[in-house]
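Q: Could you take a close look at one part of this model for me, the largest pocket, and then show me what lies around it? I would enjoy a connected walk through it.

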Amino acid sequence: MISFVGYGESGTHRYTLMRLSVTRKEVYFIQSVFNMLCYIWFWATQVLVIVLLCYIYVWKAPEGYVTGQTIFLAFYRNDFLHSLLPFEDFPFWIRHILLCIALGLRSSMYLTGEGKAKKSYGVAWGGLYVLFIASLGDYTSCIFLGLYSIGCIMLESHHMKKEEMMDREERMVETCEKG
């Protein structure tokens, strides 16, 4: 939703940010950090709701069906819950961090007018949806999504360099017009 709402080449949001006395690279960076924080907030909200629902289950369920480990075991038995909150599976945490950075950077490209890649972005989201859920000990999705994330980060760093060059050209044109 972050990348599809409120952005575009003719949006007032983009126009206002581009009129500020900051470079495109700074706007891109600020928007990327904001998007990353939104993704972290979304993840934390999901985890909080699931944990609260687990506590409600433990509270309402008969005593014979619950123990002190019920919630903990639920996150290890269910592939989706384990993928969402992997506890000690370090590769999953690295995957989460890389995905947060890559999606934050990738989502901010719409602000700078690079909305041409919406189709490829949708395909990437579909692949992420399919590969996010992984069973315990299955690190194939971690490797694939980690490589995808690193590729997106590299692509976006190239995009930032391109934005910086465009910003320099605009400043040179302004200088020539004033002089």
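A: Let's start with the lining of the largest pocket, where H5 gives the largest share, seven residues. Please keep in mind that this is a predicted model. The space inside the largest pocket comes to about 640 Å³. Its lining is built from 20 residues, and those closest to the centre of the pocket are Tyr39, Phe42, Trp43, Gln46 and Phe132. Four elements each give two or more residues to this lining: H2, helix H4 (79–84), helix H5 (90–107) and helix H6 (118–132). Sorted by class, the lining holds 18 nonpolar residues and two polar ones, with no charged residues.

It helps to set these helices in the whole fold. The protein has seven helices and zero strands, so its elements, read from the N terminus, run α-α-α-α-α-α-α. Of its 179 residues, 34% are buried.

Now let's follow H5, the helix with the largest share of the lining. Trp93 is one of the residues in helix H5. Its relative accessibility is 25%, which falls between the 20% limit for buried and the 50% limit for exposed, so Trp93 counts as partly exposed. The C-alpha atom of Trp93 lies 9.2 Å from that of Cys142, although 49 residues separate the two along the chain.

Just ahead of this helix comes a residue worth a pause. Phe87 sits in the loop between H4 and H5, two of the helices that give two or more residues to the pocket lining. Most residues other than glycine have a negative phi. Phe87 is not a glycine, yet its phi is positive, at about 55 degrees. With a relative accessible area of 32%, Phe87 is partly exposed.

H2 is another contributor to the lining, and this helix also takes us to the protein surface. Helix H2 spans residues 24–60 and includes Phe29; Leu37 lies in helix H2 too. Phe29 has 52% relative accessibility and Leu37 has 53%, so both count as exposed, since the limit is over 50%. Together with Ile30, Val33 and Ile40, Phe29 and Leu37 make a nonpolar surface patch of about 480 Å². Leu37 also offers a link back to the H5 part of the chain: its C-alpha atom is 8.1 Å from that of Gly104, a residue 67 positions away along the chain.

So what might you keep in view as you turn the model? On one side of the story is a pocket lining with 18 nonpolar residues and no charged ones; on the other is the nonpolar surface patch that includes Phe29 and Leu37.

Conventions. Residues are numbered from 1 along each chain as its sequence is written. This is a predicted model: local features need pLDDT of at least 70, side-chain atom pairs count only at pLDDT 80 or more; totals for chains, interfaces and linings use all residues. Side-chain values use heavy atoms; hydrogens and water are left out. Patches are made of residues with over 30% relative accessible area and no salt bridge: like charges are joined within 9 Å, nonpolar side chains (Val, Leu, Ile, Met, Phe, Trp, Tyr) within 5 Å. Accessible areas come from the Shrake-Rupley method with a 1.4 Å probe; for residues, only the protein chains shown count as cover. A salt bridge is a side-chain nitrogen of Lys or Arg within 4 Å of a carboxyl oxygen of Asp or Glu. Buried means under 20% relative accessible area, exposed over 50%, partly exposed in between (1.4 Å probe, protein chains only). On a 1 Å grid over the protein atoms alone, a cavity is a set of points where a 1.4 Å probe fits but cannot get out, and a pocket is an open set with protein on both sides within 12 Å along at least five of seven lines; lining residues have an atom within 4 Å of a point. Grid points are joined across faces, edges and corners, and a volume is the space filled by probe spheres set on the points. Ala, Val, Leu, Ile, Met, Phe, Trp, Tyr, Cys and Pro count as nonpolar, Asp, Glu, Lys and Arg as charged, and the others, Gly among them, as polar.
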